[in-house]
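Let's take a walk through this one together, from the overall fold down to single side chains. Keep the viewer open as you read.

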Amino acid sequence: MGSDETTTLGRRALLAAGVGGVAATAVRAIGAPAAVVAADHDPVKLGEMNLATTRTAVRTQQDAAFEGSSGNDDGLIGASAGANKSGVYAYTSNAKGYGVFASNSVTLNGGYLAGPDHGVWGVGHTAGQAAVLGRHAEDGSPGVRGINEVSGCRGELGAGSGVLAFAPAGRMALEVWGAAAFARTGQVAIAAGKQSVKVTGIPLTPQSIAFATLEDYRSGVWIAAAALNRHLGTLTIHLNKKVASPTWACWIVLDRLPGA
């Protein structure tokens, strides 16, 4: 084979290779879609923004319909720009199921929303921490509010009061089953030969009122007054006359509603 023939074959091979490369490039361009967002009826594209005008649903019968997980970020994000809509809306059609169940696999703390027994249920396993915690950054706004839309009763935590219980006429605002403790209460001894005793260091407000009663029976002796000095934070219990022996009295300070 001569050198001219070799050169001719080399040029033909190069030309064929060039044509084949262009063809292959054209096939790839035709067969592979460009990196654009998806539309209705398109498959979901990983790593891209997928846009649609109707709902995309995934349903299974035996396993979870959808799973999202991340090694260093949120496993699943839901967002909404609609008024009175939620970033995540969940429900169950089983009477014993939960709309939402979330747990911390390390601390075992968990929470249930719209469960079979309670609308909100928190389970805590960390000592000193609340099973359910509500926080608010605005003064006078409740951290937690519960409302019964049928009776009109409501309860609030951390608003103007630590706990606020409200009920319309004919309804119970607060029920306590079992012992109840109040900080501004106490017992005090009235010494023999005395007709009064003073209790100091009581946190008082302009709405504070006091009640007192004798714990020991003394014939013809009763409490004449439970007098508060709101400026000094004192309570003086006055008897109608002096007692012949030491006599115990108990007292409690409450606050009336402002304007009442």
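What follows goes from the layout to the core, then to the rings and a few backbone oddities.

First, a caveat: this is a predicted model. The protein has one helix and twelve strands, and along the sequence they run as α-β-β-β-β-β-β-β-β-β-β-β-β. So how much of it is buried? Of the 260 residues, 13% count as buried. As for long-range contacts, residues 24 or more positions apart account for 41% of the contacts in the protein with a separation of 6 or more.

Now for the core. In soluble globular proteins, nonpolar side chains tend to be buried together. Here the largest nonpolar core has 17 residues, and Val188, Ile202, Leu235, Ile237, Trp251 and Val253 are the ones that touch the most other members. The elements giving two or more residues to this core are strand S7 (185–190), strand S8 (196–199), strand S10 (223–229), strand S11 (234–239) and S12.

Pick Trp251 and look around. Leaving aside neighbours within four places in sequence, Trp251 is in contact with Arg184, Thr185, Gly186, Gln187, Val188, Val199, Ile202, Phe211, Ala212, Leu235 and Ile237. Several of those names should ring a bell: Val188, Ile202, Leu235 and Ile237 were listed with Trp251 as residues that touch the most other core members.

Strand S11 deserves its own stop. Five of the six residues in S11 are buried, so to speak of this strand as mostly covered is fair. What does S11 pair with? S8 pairs with S11 in the antiparallel sense over four bridges, and Lys198 stands opposite Thr236 in S11. S10 also pairs with S11 in the antiparallel sense, over six bridges, with Ala225 opposite His238 in S11. S10 and S11 form a hairpin with four residues between them, and in the turn Gly233 has a positive phi of about 70°.

Next, slide over to strand S12 (residues 247–255), where you'll find Thr247. Is Thr247 buried or exposed? Its relative accessible area is 1%, so Thr247 is buried. The side chain of Thr247 does have a polar partner, though: a polar contact of 3.0 Å joins it to the side chain of Arg218. Setting aside neighbours within four places in sequence, the contacts of Thr247 are Val188, Ala189, Ile190, Leu214, Asp216 and Arg218. Val188 therefore turns up around Thr247 as well as around Trp251, and it belongs to the largest nonpolar core.

Time for the aromatics. The structure holds four aromatic pairs. One of them is Tyr89 with Tyr91: the ring centres are 5.9 Å apart and the planes sit at 35°, so this pair is tilted. Both Tyr89 and Tyr91 are exposed. Another pair is Tyr98 with Tyr112, with centres 4.4 Å apart and planes at 40°, so that one is tilted too. Why does this pair tie together separate parts of the chain? Tyr98 lies in the loop between helix H1 (3–31) and strand S1 (100–103) while Tyr112 lies in strand S2 (residues 110–113), so the pair ties together parts that are 14 residues apart in sequence. As for burial, Tyr98 is partly exposed at 30% relative accessible area, whereas Tyr112, at 17%, counts as buried. Zoom out a little and you'll see ring pairs link Tyr98, Phe101, Tyr112 and Trp121 into a cluster. Elsewhere, a ring meets a charge: Arg154 lies over the face of Phe166, 5.0 Å from the ring centre.

Finally, check the backbone. Most residues other than glycine have a negative phi, and most peptide bonds are trans. Which residues go the other way on phi? One of them is Asn84, which is not a glycine but has a positive phi of about 60°. Asn84 sits in the loop between H1 and S1 and, at 82% relative accessibility, counts as exposed. Ala114 is another non-glycine residue with a positive phi, near 55°. Ala114 lies in the loop between S2 and strand S3 (120–123), and its relative accessibility of 46% makes it partly exposed.

How values were computed:
Residues numbered from 1 in each chain as written. Predicted model: local features only at pLDDT ≥ 70, side-chain atom pairs only at ≥ 80, totals over all residues. Heavy atoms only, no water. Phe/Tyr/Trp six-rings, centres within 6.5 Å; stacked < 30°, edge-to-face > 60°. Buried < 20%, exposed > 50% of the residue type's maximum accessible area, 1.4 Å probe, protein only. Lys NZ or Arg CZ within 6 Å of the ring centre and 35° of its normal. Polar contact = N/O pair within 3.5 Å; in protein donor to acceptor, adjacent residues only side chain to side chain. Contact = heavy atoms within 4.5 Å. Core = buried A, V, L, I, M, F, W, Y, C linked by side-chain atoms within 4.5 Å. Pairing = 2+ DSSP bridges.
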